[in-house]
Structure formats: structure tokens, C-alpha cells
Amino acid sequence: MITGTIKNKIDKIWTDIWAGGITNPLTVIEQLTYLMFIRSLDEKELETEEFENMTGEKMAKIFPQSQAGQSMRWSKFKNSDPRQIYDIISQRVFPAIKNMKGGALPDFSENGEMIEQEDDDLSQNGSTAFARYMSDAMFLVPTPQVLQKIITGLDDLYENDIAELDMQGDLYEYMLGKLATAGQNGQFRTPKHIRDMMVELIAPTPNDTICDPACGTAGFLVSAAEYVRAHYEAEMTSEQWDHFSGKMFTGYDIDRTMLRISAMNLMLHSIGNPDVDYKDSVSKQNQISDKYTVCLANPPFKGTIDAESINDNLKAVTNTKKTELLFLALFLRMLKKGGRCACIVPDGVLFGSSTAHKSIRKELIENHQLCAVISMPSGVFKPYAGVSTAVLVFTKTGAGGTDKVWFYDMKADGFSLDDKRSEIADNDIPDIIHRFANLNAEETRARTEQSFFVPKQEIADNGYDLSINKYKKTEYVPVEYPSSEEILNELDELEKKISAGLKELRGML
């Protein structure tokens, strides 16, 4: 749990960077990400050295054993003169990370030139996903003084406040909370409590393969990882742990900065080598099908894409350029049969009258199993966006299976629905999770209540409309008003009181 003290320390680091001239939140996080990664490499090396001392067994090292190589370690340079620190990071550490191969950094000659590594016995297996996306990274910390403040601040945090791995993830999550937008296509970060709710509904297991084809900062993958660890950590086998630390989690994005940040986020949650890749998910570039057992996503809603680049098998399901519809078709293609999906869609997907809108809703209901439609209030994504959204939960079957659909009208998510998003007592999320886990008890719920079932046939008869207002009934309670004679008598009494008051005032003058 991130305390007020930790938040203050992070905010202080953030302020120091802003004062140095870096005001874009994404750039701030990117630069902090690089420095956190540099520190994590030294932590990993210290653990390796400790293991060697205990066992006497020689292990592969990250840093070269030369003087130049050892000078790149966080523990070696952190207390040096600010100008020396700046030179070491900008001229050695950063270029070395960009050329990292097989989990090892390259060495430098005496005149400061990088020594090229041999590729023969090195592979990507020893590199983190984060290191693989460093090739076009830029070191933008402006001055030695700003860099020293950041290093001192991070070191204080790690040594005194966030020693545990879980806490590192929380710290990164708090920093990501400062992001207003991510990317160019209307993406915005999904609040953690909404992601956690969606993961609870899907209930992933250690044997699942989980994909977010619009991963951004990898929030959904992190939430899924946290769920698996919380529910299965004590009983997971070594094979399941190997699966967990690597190929269990897949994320795609079209922004390399987001890929670096998402890979770092996953690494801080014990997922050292996820399949995080640069890919335009709905284009012809992505041919993946029938591969994953779980999809979790908040795909971009804004704008359209070039019709010629869209994969033909997506257009066959819904012939459109709207990304929110194409991603629904994509989830169905990428999932294995029996695979589950929870995704966020704008309200227009639920009731849009175009052929493309109707065809994707019909596909979900007639050819697969649409389980739930959870309508969320429009303030959930404030202050970044005021769009009304819903969560769709469905299973890929390829053979139908939708007998009835469960609707829930979420009115509160535990936070105020204004730009401040302050914590409040009202919260429907625990009720949603509880009721979804006990759907048999929902059979008798009336349409006037907050959740209820709607038969498939009724939805089909309404043009596959999935808007909850189409089916929800409002219970009108008759109001009894006093008779006209009583109202007139009350007015007479009021007039008398007013007259008496005016008379009293005149007497006082």
C-alpha cells in the first residue's frame, strides 16, 4: 500500500524533474523508468554475487568485470560527484543498456569506446522485454543537479520505503496514475479498481495465457498477475512459475514508449520476460488466431483507421473502420474456443444502429456466449474523459450458447464522479463481483432492480440492442397531493401572516 509519505517522496522527485524543464508526464515516467531499470540491474547483480559467495558456483554477470564495467553499477556511482554521475549514465550506462544482449551489458575500452559483443553464444532469452525496447530510447534528464536529485530520491524510496517487490509495483502504479493520456488513438489509462473488477469476473488461473492487444502501460496484465499470485501462489508448480514469469502474459501496442513502460511495469511484478511486442493489432500485420484463453482490454475508442490496413477477417465480422468494433472481432479471433474476455466499450457499441454495430452484437449473441453487460457511470474515466462506457463479458464458443444476458446498472464505483474522483462510501463493485459469481440467484430479480437477466430472444427482437435502459423498468410510486381547497386555505393563512408582519414593521417605523 502506497502511504502518504511515499506519495510525497514521489511527488518531490516529480517536482524536481518538472523544475528541470521536463513537463510532459509521459516523458517524466519514461526517464524514471530508465533509472529504475538501471538500479534494478545492480540489485540483480548483487543477488548473483551473494549467491556465488554462498555456493561457490560461478554465474553469468550483467556488468563487465573491468573498471569501466563496474563503474556503471548504481551502487558504485550513486554517491559520486553530480557531473561524474551524469557522464557515467549518459555516456556509458545508457548506451550500454541500448546495446544489451543476452542479459549482459557491453564493456568499454580505456578511451571510452563501446566494445561490440559477440552474438554467437548470446540470445534474447537472457534479456528482459524492457531491454529489447531500448534501441530508440533517449536520455533527456537536463542537468547533473536534476539527475542527482532523482537518484537520491529513488535510492531513499527503495532503501527505506519499498523494499518489497509488491511495493515497487504499487509505486509504479502511482506514477502511472499521473498519466492523462497514452498514445494517439484515444487511449486512456483504466483505473485500477475497474481493472481489478474485470479480472475478478474472468478469474484467471496459472494455466491461462492472457493477452491485452492494446496494452498501453500493461495495467490489465499486472492486475491479472496480482490475481493469480493472490489466489494460487502457494500451490503453483515450477512449470507454472516459469509460465507466469514469461509467456503467460502478452501485450501489443503501437507506441514503443508504452512498450518500454509496460515491460518495466511487468518486470516490477515478477514478470521478467513477457511477450510484449510492437503490433497494430487490427491490421494485416496481426495474423494471430485461436491462441489465448483470456483477453482483457480497454481498446481505443477514438477515431478510425485506414480501411486498407484492416485485416480482412475482422471486416468479415463487422465491416467498419471503428476501432471499438474491430477490437471485439479481434478478441473473438485471438481467443481459443472456451476463452473468456472482459473488455470496456463505449455506450455506442451497445445501441448503435449501423450495420457494423448490429453485426458485431449479433455475432456475440448468436455465435458465442455473451455473459454480462455492466453499464458504468460516465464519470469513471474522469478527469481524462467523460465518455459513458460498459464492460462486456463473453466466452468464445463458435457455436452459440447465449440463452440470457445478465445486465447490471453500476451507479457508483467507490469514487465521486466529478473531476476530483475523491473516495466515497457508495461502491457497487463488490456487489457486482458477488452477484456474477452467483448468477443462479439472479433468476428471480425484477427489471426494476439494479441487476437482472434478459432472454436472448427479447434482445434479438430489439435489434440486438444491449443498452440496459431498453430493458430496465422504472417503478413509479404514486404521489398524493393535497386538494385544491387545502392548498388555497394554506395560501390564505400565509397571506394573513405576511400582512400581520408588514403591519408590525410599519408600527416600528
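Trainee: Which helix is E45 found in?

Mentor: E45 is found in helix α2 (residues 25-55); a helix here is a DSSP run of H or I, at least four residues, numbered from the N terminus. Bear in mind that this is a predicted model: local features need pLDDT of at least 70, side-chain atom pairs count only at pLDDT 80 or more, and totals for chains, interfaces and linings use all residues. Residues are numbered from 1 along each chain as its sequence is written, and side-chain values use heavy atoms, with hydrogens and water left out.

Trainee: How do you know that E45 has no salt bridge?

Mentor: A salt bridge takes a side-chain nitrogen of Lys or Arg within 4 Å of a carboxyl oxygen of Asp or Glu. The nearest side chain of opposite charge, R73, is 4.7 Å from E45, so the pair misses that cut-off. R73 is still among the residues in contact with E45 (heavy atoms within 4.5 Å), as are K61, I62, F63 and Q65.

Trainee: What makes D156 and K9 a salt bridge?

Mentor: Their N to O distance is 3.1 Å, so they pass the test. D156 lies in helix α7 and K9 in helix α1 (residues 4-19), so the bridge ties together parts that are 147 residues apart in sequence.

Trainee: Why is R229 called buried or exposed?

Mentor: Buried means under 20% relative accessible area, exposed over 50%, and partly exposed in between (1.4 Å probe, protein chains only). R229 has 17%, so it counts as buried. Its salt-bridge partner E233, at 3.8 Å, N to O, has 39% and so counts as partly exposed.

Trainee: And what about R445 and E442, buried or exposed?

Mentor: R445 has 19%, so it is buried, and E442, with 2%, is buried too. Those two also form a salt bridge, with the closest N and O atoms 3.8 Å apart.

Trainee: How do you know that the span of helix α7 agrees with its number of residues?

Mentor: The expected span is 1.5 Å times one less than the number of residues. The 17 residues of α7 (residues 144-160) should span 24 Å, and the end C-alpha atoms are 24 Å apart, so the two agree.

Trainee: What makes I487, L488, L491, L494, I498, L502, L505 and M508 a patch?

Mentor: Patch members need over 30% relative accessible area and no salt bridge; nonpolar side chains (Val, Leu, Ile, Met, Phe, Trp, Tyr) are joined within 5 Å, like charges within 9 Å. These residues form a nonpolar patch with about 810 Å² of accessible area together, by the Shrake-Rupley method with a 1.4 Å probe, counting only the protein chains shown as cover. One of them, L488, sits in helix α19 (residues 484-508).

Definitions and conventions: Helices (H or I, at least four residues) and strands (E, at least two) are DSSP runs, numbered from the N terminus. Lys and Arg count as positive and Asp and Glu as negative; His and the chain ends are not counted. Lists of a residue's contacts leave out its neighbours within four places in sequence.
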